[in-house]
Amino acid sequence: MPEAHTPPLSVAQLRRIALHQLGQLPQVVLDLGELFASHGYELALVGGPVRDLFLAQPTHDLDFATSARPDATEAILAAWGDAHWAIGKEFGTIGARKGDVVVEVTTYRSDSYDPDSRKPAVQFGDTLEGDLTRRDFTVNAMAVRLPERTFVDPCGGIEDLAAMTLRTPIAPERSFDDDPLRIMRAARFAAQLGFDVEEETMRQMAALADRLAIVSAERIRAELERLMISTWPRRGLELMVYTGVADIVLPELAALRSTVDEHKRHKDVYEHSLTVLDQAIDLETGPDGPVPAPDFVLRFAALMHDVGKPATRRFEPGGQVSFHHHEIVGAKLTRKRMRALRFDKQTIKDVTTLVALHLRFHGYGEQKWTDSAVRRYVTDAGDQLERLHRLTRADCTTRNRRKAARLAAAYDDLESRIGELAAQEELASIRPDLDGTEIMEILGITPGREVGEAYRFLLAARMEEGPLGKEEATRRLRAWWDAR
C-alpha cells in the first residue's frame with residue numbers, strides 16, 4: 001500500500017505547483033473564460049479540478065461556476081462547443097464538449113435544505129465566494145477565475161490542503177445536517193487523498209451519522225464504491241468504523257470488532273480483514289493483467305470474507321475456538337448487504353462467490369487433491385478464479401514465517417496443478433461430453449427435468465474422470481437411463 005503524502009507540502013510549494021499546472025490547461029478552457037467575459041459574465045474553475053491542480057494530479061472533470069443564469073450559459077456553450085446538453089438545467093448545470101474537452105458549467109448556487117431531505121431547494125446565488133462556502137470541504141471550495149487565472153479561497157482550503165486535513169467550510173454540524181451524504185464523502189476523501197479529518201468535523205460525523213437514513217441507498221453505494229477503489233481504502237473504512245458510520249452503512253464490518261478475544265485464543269478478525277484488504281490490493285495487476293487495479297470486486301470480497309465469523313464463533317472444550325461454515329454465513333450476509341445497497345446482480349454474484357469459496361483451498365495443504373477436486377475448484381470459481389487466487393493468498397496474515405511459506409508453497413502447487421490440467425483440457429469451461437440437444441436425441445425425450453438430471457450425471461462423470469468422448473458418454477448415458 002502506498003503511504004500518504006509525506007512530508008506535507010507547504011502553501012508556497014502548493015502555489016508553485018498550481019501555477020505550473022494552470023499553464024497546462026487546454027487553450028479551449030481559457031478561450032471559454034474569454035467568451036463568458038465577453039458576454040459580461042464571470043467564469044471560474046471550481047472544486048475538485050482546482051484541488052487536483054495543487055496536488056499535481058490529473059484532472060478528469062472540468063467543473064465551472066458562473067454568474068450567468070442557465071439560459072445564458074446554454075446559449076454560450078451551444079455557440080462554443082461541438083455538442084451541449086441541459087440534463088441538469090433545473091439545478092443550473094449545462095454540459096458541453098469541444099473536441100476532447102468536456103465541461104460542466106453551473107450557475108452560482110445558494111441553496112436551502114429541507115431537514116427531511118438531502119436534496120436542496122435550488123436557489124441561484126450572485127457571488128463566487130457564496131457558491132464556494134456551500135461546498136462539502138474547504139479543499140474542494142477553492143476556485144480559479146478565468147480568463148485572468150486569479151485564485152479564490154474564501155475558506156482557507158489551501159492551508160488545509162497543505163496540512164492534509166478535511167474540514168467543512170461552515171460549522172460541520174450544519175454542513176452534515178444539510179447534506180448527510182457529506183459524512184460518507186469525508187470517509188471517501190480520506191481514502192482518496194490520504195488526508196485526516198479535522199477533530200470537530202469527525203465528532204460531528206459521529207453525532208450525525210443517523211442522518212444518513214435520509215440518503216438513498218444508491219448514493220451511499222456510489223460513495224462506498226469510490227472509497228473502495230481509492231488509493232487508501234483502509235483509512236476511509238477505519239474512519240467509518242471509528243465514527244459509527246459503518247454501524248449504519250456497513251454493520252457487518254463494524255460487527256467484526258465484537259470478535260476481539262481478550263484471551264488471545266484467536267486473531268483479531270477486524271484487523272485481519274483490513275490486512276487482507278491491504279494484501280489483496282498489493283496482488284492486483286497492471287492494466288494488461290488478469291485483475292487490473294483498482295478492482296472493486298476483489299477488494300470488497302477481501303473486506304467481507306470473514307463477516308460470518310461473529311455469528312459462528314464457538315468456544316470449544318479445551319480452549320479452542322471454531323467458526324464453522326462462516327464462509328457460507330458470510331456469503332449470505334454479504335449478499336443481503338449488497339442488495340440493500342442496490343448493487344447490480346453480477347457484482348453481488350462475483351463478490352459472494354469469492355466469500356463463499358475463500359476457505360476451499362485450506363483442505364489442499366492437508367491432503368493432496370485429486371484431479372477431480374482441482375476441476376471442481378476451478379469450475380466453482382468460474383470467471384472469478386484469478387480473483388480467488390489473490391484472495392486466498394491475501395488471506396494469509398500469520399506472522400509465523402514457516403507457516404506462511406508452507407501455505408504459499410501449497411498454493412503454488414495448486415496453481416501448477418491447475419495449469420497442467422488446463423493444458424490438457426479447457427478447464428475453465430468444463431462441460432459434459434454431450435449437450436442437452438444430444439441427450440434428448442439419444443434418449444428420445446423432450447425438454448424437461450430428465451434432461452437436467454442426465455446433464456448433471458454426465459457432468460459429474462466428466463469432473464471425476466476428465467473427457468470421456470462422445471461414444472463412451474453415450475454408452476454411460478444409456479446405462480444410467482436404463483438403470484432408472
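These legends accompany close-up views of a predicted model.

**View A. The open sheet and its edges.** Here you can follow an open sheet of 7 strands, arranged in the order 3-4-5-2-1-8-9 with mixed pairing. Strand 3 and strand 9 (150-152) are the edge strands, and each pairs on one side only. On average, neighbouring strands of this sheet are turned by 30° against each other, direction ignored. As a reminder, strands of a sheet pair through backbone hydrogen bonds, either parallel or antiparallel.

**View B. Strand 3 beside strand 4.** Let's zoom in on one edge of the sheet. Strand 3 covers residues 83-85, and its pairing with strand 4 (residues 93-98) is antiparallel, over 3 bridges. To find your place, look for Ala-83: its bridge partner in strand 4 is Arg-97.

**View C. Two helices against the strands.** Helix 2 (residues 27-38) packs on the sheet, where it touches strand 1 (43-46), strand 2 (62-66), strand 4, strand 5 (101-107) and strand 8 (143-146). The direction of helix 2 makes about 30° with that of strand 5. Helix 4 (residues 70-80) lies across strand 2, strand 3, strand 4 and strand 5. Relative to strand 4, helix 4 runs at about 5°.

**View D. A nonpolar patch with Trp-85.** Trp-85, Ile-87 and Val-102 make a nonpolar surface patch of about 310 Å². Trp-85 belongs to strand 3, the edge strand shown in View A. Why can Trp-85 count towards a patch? Its relative accessible area is 32%, so this partly exposed residue passes the requirement of over 30%.

Methods. Residues numbered from 1 in each chain as written. Predicted model: local features only at pLDDT ≥ 70, side-chain atom pairs only at ≥ 80, totals over all residues. Heavy atoms only, no water. Patch = residues over 30% accessible without salt bridge, like charges linked within 9 Å, V, L, I, M, F, W, Y side chains within 5 Å. Areas by Shrake-Rupley, 256 points an atom, 1.4 Å probe, with all protein chains shown as cover. Salt bridge = Lys/Arg side-chain N within 4 Å of Asp/Glu carboxyl O. Helix = DSSP H or I, 4+ residues; strand = E, 2+ residues; numbered from the N terminus. Buried < 20%, exposed > 50% of the residue type's maximum accessible area, 1.4 Å probe, protein only. Pairing = 2+ DSSP bridges. Axes fitted to C-alpha atoms, helices over the stretch in contact; angles between N-to-C directions. Contact = heavy atoms within 4.5 Å.
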